[in-house]
Amino acid sequence: MKTRDEPLIFARSRPGKTGYSLPPLDVEEKVAIPPELLRGEIEGETEVSEVDVARHFTRLSRLNLGIEDGLYPLGSCTMKHNPRINEEMARLPGFAASHPCAPESLTQGNLELMWRLERFLSELTGLPRVTLTPCAGAQGELAGILMVRKALEKRGGPRRYVLIPDSAHGTNPATATFAGYEVRELKSNANGRLDLHVLEEAMTDEVAALMMTVPNTLGIFERRIREIAEIVHRKGGFLYGDGANFNAFVGLANPAAMGIDVMHMNLHKTFSTPHGGGGPGAGPVAVGEALVPHLPIPTVERNPDGTFRLDADRPESVGRLRSFSSQFGVLVRAISYILTYGREIGEVARDAVLNANYIRARLADLYHLKYDAPTMHEVVFSDKRQVEHGIHNGDIAKRLMDYGFPPPTVSFPLIVAGALMIEPTETEGKPELDAFIEAMRAIARETQEKPEIFHDAPYTTPVRRVDEVRAAKNPILRWRPTKSS
Ligand SMILES: Cc1ncc(COP(=O)(O)O)c(C=O)c1O
């Protein structure tokens, strides 16, 4: 059978098929489900055998392009190879099977791991304390801005605005709004960086914070970040660093020395844990002294006798962000990753930046670069030259699948029309990078020589060109039985 014909699992259902066999119940059924909780017949119950299930999902997994197949260029998403050792550590029964309600006397190892991870992240950011509680980058942002709000309230008032450059990640304005602030957008200059005059003008004593994505979503570093911090601090504001992409400078540059007061990191981007697909994440937030009293609860503390405890008795805290302490498995992977690199962790950043710049240098003659500034961990091209032949960024992304690569991020950041945002990450070697570059070069040639080929691309994938407008306007999110199934 060709894999592209793989039907839905429901279509394999036949009455009476089962994937298990249990002995008949030989004790009295004691706990009956109350009738009001019974929903009656399950509509379209699927009856399949174990082998049906195993083969179905194995076949489906082969229909996908994934990080195990090759370079995954999705920008701002850090789709990298995550070392298996980290998975193994997270699956150790002492970690994986520990219950979040277990008493502290039984979870000392877990607490020590959290305490040590906090010390590592504190050293890497130069900031004294780190909350491990947030379970995503966006939740880390919220924690950070709520701490800023609390600190300002203590000083006299929460203030009204948060400044956000137009090159920031989209979660930043959402966070500031959610935390009760009005957002003021700052326009980038011709180099894709913050214009200091624009900042000076906007930075009043009604501004709570400047939220900067570092490096910004163009993959560009703010060279004058110390001056930026000074301008913000002079008016009593806080500099928030969105360090989701810490892999661009981890171990090489120190956020506290840049003047950053509060910064979240996406462990699921920089410090291992597969990213994407909505899987678990963790967005720890490092903070300077002024924000320490406001850390979310619980924090992890070491007792004078060397044992560890969770501390929820923090009267000035912004409160609890979630149930239990953290996304613990992600923390295990992160500490495993950090310990593997040790003092060499700056290699991660060096390789991530080198790889992005290699792609930039080898494609810059064919793909337009709106901003001519050096790239950090990702590079943003535009489709400007291909548009002359009627080909847009979405067409290029689709055609790339015929060459065996998943699409890059398209149409983001918004300040680059027709953006193609590519992040190779640090885990790719030169042969993989070259294969990707050759594919992009071949596509650029095709846009001139046979543009008509883009109309129906991709040709080689199990699902061909999809109707994206219909998918967005009329999504079918639930399978329902039909007469034929
Ligand atoms: C720069 C930046 N900030 C924030 C986030 C949000 O992180 P999360 O998706 O974990 O909420 C991302 C996500 O990719 C990001 O790239």
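Contact, in these legends, means heavy atoms within 4.5 Å, and axes are lines fitted to C-alpha atoms, for helices over the stretch in contact, with angles running from 0 to 180 degrees between N-to-C directions. The views show a predicted model, in which local features need pLDDT of at least 70 and side-chain atom pairs count only at pLDDT 80 or more, whereas totals for chains, interfaces and linings use all residues. Residues are numbered from 1 along each chain as its sequence is written, and side-chain values use heavy atoms, with hydrogens and water left out.

**View 1. Helix α5 and the seven-stranded open sheet.** Helices (H or I, at least four residues) and strands (E, at least two) are DSSP runs numbered from the N terminus, and two strands pair if DSSP finds at least two bridges between them. The strand order of this sheet is β1-β7-β6-β5-β4-β2-β3, with mixed pairing. Because β1 (129–131) and β3 (182–186) stand at the edges with a single partner strand each, one side of each is left without a neighbour in the sheet. On average, and with direction ignored, neighbouring strands are turned by 25 degrees against each other. Helix α5 (residues 137–155) lies across β1, β4, β5, β6 and β7, and runs at about 170 degrees to β5.

**View 2. Strand β5 and the strands β4 and β6 with which it pairs.** Strand β5 (residues 238–243) is mostly covered, six of its six residues being buried (buried means under 20% relative accessible area, exposed over 50%, and partly exposed in between, with a 1.4 Å probe and protein chains only). Phe 238, Tyr 240 and Asp 242 point one way from the strand, while Leu 239, Gly 241 and Gly 243 point the other way. Five bridges link β5 in the parallel sense to strand β4 (residues 207–213), and four bridges join β5, again in parallel, to strand β6 (residues 262–265). Asp 242 can be followed across these pairings, since it stands opposite Thr 213 and also opposite His 264 in β6. His 264 in turn stands opposite Val 285, which belongs to strand β7 (residues 285–287), a strand joined to β6 by three bridges in the antiparallel sense.

**View 3. The β-α-β unit formed by β4, helix α8 and β5.** Helix α8 (residues 225–234) makes a right-handed unit with these two strands, where right-handed means that, with the strands pointing away from the viewer, the path from the first strand over the helix to the second runs clockwise.

**View 4. The three-stranded open sheet and helix α12.** The order here is β10-β12-β11, with antiparallel pairing, and the edge strands β10 (379–382) and β11 (409–410) each pair on one side only. Between β10 and strand β12 (residues 419–422) there are four bridges in the antiparallel sense, with Val 379 opposite Ile 422 in β12. Helix α12 (residues 346–363) packs on this sheet, touching β10 and β12, and its direction makes about 25 degrees with that of β10. The 18 residues of α12 reach 26 Å from the first C-alpha to the last, close to the 26 Å expected at 1.5 Å a residue (the expected span being 1.5 Å times one less than the number of residues). Its buried residues, among them Val 348, Ala 352, Asn 355, Ile 359 and Arg 360, pack against α11, β10, β12 and α15 (430–449).

**View 5. Salt bridges of Lys 17 with Asp 52 and of Arg 91 with Glu 87.** The structure holds 30 salt bridges, each a side-chain nitrogen of Lys or Arg within 4 Å of a carboxyl oxygen of Asp or Glu. In the pair of Lys 17 and Asp 52, the closest N and O atoms are 2.7 Å apart. Lys 17 lies in the segment before α1 (50–63) and Asp 52 in helix α1, so the pair ties together parts that are 35 residues apart in sequence. Lys 17 is partly exposed at 31% relative accessibility, whereas Asp 52 is buried at 13%. Arg 91 and Glu 87, whose closest N and O atoms are 2.7 Å apart, both lie in helix α2 (residues 84–91), four residues apart, about one turn of the helix. Of these two, Arg 91 is exposed at 55%, while Glu 87 is buried at 15%.

**View 6. The salt bridge between Glu 301 and Arg 314.** Here the N to O distance is 3.6 Å. Glu 301 lies in strand β8 (residues 299–302) and Arg 314 in the loop between β9 (308–311) and α11 (328–341), so the pair ties together parts that are 13 residues apart in sequence. Both Glu 301 and Arg 314 are buried. Salt bridges that share partners join these two with Glu 118, Arg 119, Arg 129, Arg 309 and Asp 311 into one network.
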